[in-house]
There are 2 protein chains.
Amino acid sequence: MVVREKILDMVIDCFKRHGAKRLDTPAFELKEMLTEKYGEDSGLIYDLKDQGGELLSLRYDLTVPFARYLAMNKVKRMKRYQVGKVWRRESPTIVQGRYREFCQCDFDIAGQFDPMIPDAECLKIMCEVLSGLQLGDFLIKVNDRRILDGILAVCAVPQSKFHAICSSIDKLDKIPWKDVRHEMVAKKGLAPEVADRIGDYVQRHGGVSLVEEMFQDSRLSQNKQALEGLGDLRLLFEYLTLFGIAEKISFDLSLARGLDYYTGVIYEAVLLQTPAQAEECLSVGSVAAGGRYDGLVGVFDPKGHTVPCVGLSIGVERIFAILEERMKTAGLKIRTTETQVFVATPQKNFLHERLKLISELWDAGIKAELLYKNNPKLLTQLHYCEHMGIPLVVIIGEQELKEGVIKLRSVASREEVAIKRENLVAEIQKKLSES
Amino acid sequence: MVVREKILDMVIDCFKRHGAKRLDTPAFELKEMLTEKYGEDSGLIYDLKDQGGELLSLRYDLTVPFARYLAMNKVKRMKRYQVGKVWRRESPTIVQGRYREFCQCDFDIAGQFDPMIPDAECLKIMCEVLSGLQLGDFLIKVNDRRILDGILAVCAVPQSKFHAICSSIDKLDKIPWKDVRHEMVAKKGLAPEVADRIGDYVQRHGGVSLVEEMFQDSRLSQNKQALEGLGDLRLLFEYLTLFGIAEKISFDLSLARGLDYYTGVIYEAVLLQTPAQAEECLSVGSVAAGGRYDGLVGVFDPKGHTVPCVGLSIGVERIFAILEERMKTAGLKIRTTETQVFVATPQKNFLHERLKLISELWDAGIKAELLYKNNPKLLTQLHYCEHMGIPLVVIIGEQELKEGVIKLRSVASREEVAIKRENLVAEIQKKLSES
């Protein structure tokens, strides 16, 4: 939980740095609002039992509720972030960081703006978060739904097969082309030569030069949609260069992203593993992803008025799984509490003094604990401090009470100093600020 | 959302000050785990639809899931806090701060300890939170389930009516005794003289002296359960005095608390309103509450092994409703974002410069925004700053570019100073640390 909180704090800090305000939407949505938004994954939605009233479902992500919120409140422009739980009916394979309940951290920009400026900011945010969390080297794959559709069109894939073929293409990051090709031909009924044509495109990735190359492609340059996508990507790379992050971005023609609502630029961040890591590490998939969804708000608006949106989601659960694994490997122990001072006594019948003392510490904002026992043994108390990683102990006994002092002990060095009772809080605060 | 976050931060800070670690449990529990834990309120639980697999319900509070967690993981000792959503099938009356989905902030101490030390800490925490939030004067009512049961027993209430009579008594903070008495007699079939005997007890409240008085009560002092409860309260007041909070606590014999799982000390904090406030203010009920539940963990343990627990819950939604109302009354405007600097230009074709500039600010950790337009008007940009409460504007134009400077404008004073381009980040950080 401590690591998890640190990750969330970092992500939220970054979202705030980019001027987003926090939004919170309810955990459940009307069932009908969620249907037909998630393509093949719709079966994973949790429905509530009909106990009278509306039919409700638990939210599946934070994007659809955000779009619903914009439409319902007629908001035309908003930069918001949201941190919340979402639910999916999956068999949990905890080792890969996929759960039935998990936390999502989303940042989205809604509104009609000049092209690619908000999109570039989203990619900048992804870079800032991933660099900030020190996850090692990473790469953000970028593509555009319109380019993908253009490719399928010029390769003569029947429109009815677009969906199925897209989901095959999306597997290229996990399985080799020949297996993807086999799936297209054998399972999805594509002509082998059509599959080969697709293969010529989707196995390519590169930087802005690949965008230019695709502009020159004799077939693709005939497709209006693809040209629009390529034009936007060219502009996007221009802005990414100004942001100093172009070298982190790869134009990857195989990136498809499963969700139905994307309409333009899509992106997905993956960690690059050194060969040594690759052996010991888990395969974690993407750690952040997002894209442009210009049509989704319109679906919820009674008159179909839409608001263009672009956003991103940070995969905090996966990031958490990675960091936890690394800490285990490194043998790092993480404190689960933040207690700064422990109040102890070596003698019997000192509960009253301990309670008075700890109350003073709490009132001064110092994080403090004691054992809930009338007469605990000193050794038990000191062991507790070592076990919990509490750095300081305040000790009060008969001798100290008589002399009007208390002893301040450092758990690590075992050094003890006597300080005046009335200087207790000041001395502790000084000690804490030094360390 | 901003006020809400501030409240949560304060509460969590306090929980950490008392050495609690954070725990998170899933939003749903097995349906059977929640049944028969909430008395009359069980009908308010949200169930999930049976889509195969286990029958699930949404959690109704954070206490039952905590007890389930302790039992399942055989944890014998834990001091945890939890912040999370809970769900209840109520008609939302938003004005009173009751919702179908709301956030709870719980702190609990589980384990076998010497009596009343953890209980006193829970009351101390409630005082710290309520003082810290500056909600005005407050009072914490304290009672003990065993004293209440003892009273009903010595007043000759049939055991089968204990529940019903308790829930009548619990209404004494909202309706006068004569109405409560009427309910007991007319609706719940109590003999009038029995009701009168109850009335003699439950209309009383006071400090530790009332505890001593009850010890002397000829009937109550014959009841073993009541004596145990009184003994614990006497000890509790001793510790509360050491914590310096005894004057905030009222022993209130009418406090019953609806939930079935409490077994000992129970408490509830209410805000004390000045007559002026009482007129304009909402009635908000309790803002924090809790108690001891020594039997709940045992219910979830296959062998019935139990772990004594005591805890508290902060009513953040109600507190939020109060603070929001006060801010409205005071005409305070709250910023929804934390943006520190806005990057503007008075000229056309300065998007590239703006993007480079803002990227530098972000990389330095400065919270910054710009308009997502190629050529926004300067007035539009300045209006945005005023509207959003952004204090500083960085202005770059042709003149500045030529001279290698940028202008730094204070939105409030409208003062502008030219600073060297390369000193930009340092100058802004200086300016921000001054304000």
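Which residue in β8(B) does B:Ile140 stand opposite? Select B:Ile140 and look across to the neighbouring strand: the residue opposite is B:Ile249 in β8(B).

This is a predicted model, in which local features need pLDDT of at least 70 and side-chain atom pairs count only at pLDDT 80 or more, while totals for chains, interfaces and linings use all residues. Residues are numbered from 1 along each chain as its sequence is written, chains are lettered from A and ligands numbered from 1 in the order in which they are written, and side-chain values use heavy atoms, with hydrogens and water left out.

**First stop: strand β6 of chain B**

Select residues 138–144 of chain B, which form strand β6; helices (H or I, at least four residues) and strands (E, at least two) are DSSP runs, numbered from the N terminus. Of its 7 residues, 6 are buried, so β6(B) is largely enclosed by the rest of the structure (buried means under 20% relative accessible area, exposed over 50%, and partly exposed in between, with a 1.4 Å probe and protein chains only). Next add residues 249–252, strand β8 of chain B, which runs parallel to β6(B) and is joined to it by 3 bridges; two strands pair if DSSP finds at least two bridges between them. Then add residues 265–271, strand β9 of chain B, which pairs with β6(B) in the antiparallel sense over 7 bridges, and where B:Val270 is the bridge partner of B:Leu139.

**Second stop: the five-stranded sheet of chain B**

Move on to the open sheet of 5 strands in chain B, whose order is β13-β12-β14-β15-β16, with mixed pairing. Its edge strands are β13 (368–369) and β16 (416–420), each of which pairs on one side only. Within the sheet, select β14 (residues 392–395) and β15 (residues 405–410), which pair in the antiparallel sense over 4 bridges, with B:Val393 standing opposite B:Arg409.

**Last stop: two helices of chain A**

Finally, select residues 162–169 and 177–187 of chain A, helices α6 and α7, which pack at an angle of about 160° with their axes 9 Å apart (axes are lines fitted to C-alpha atoms, for helices over the stretch in contact, and angles run from 0 to 180 degrees between N-to-C directions). The contact (heavy atoms within 4.5 Å) is made by A:Ile165, A:Ser168 and A:Ile169 of α6(A) and by A:Val180, A:Glu183 and A:Met184 of α7(A).
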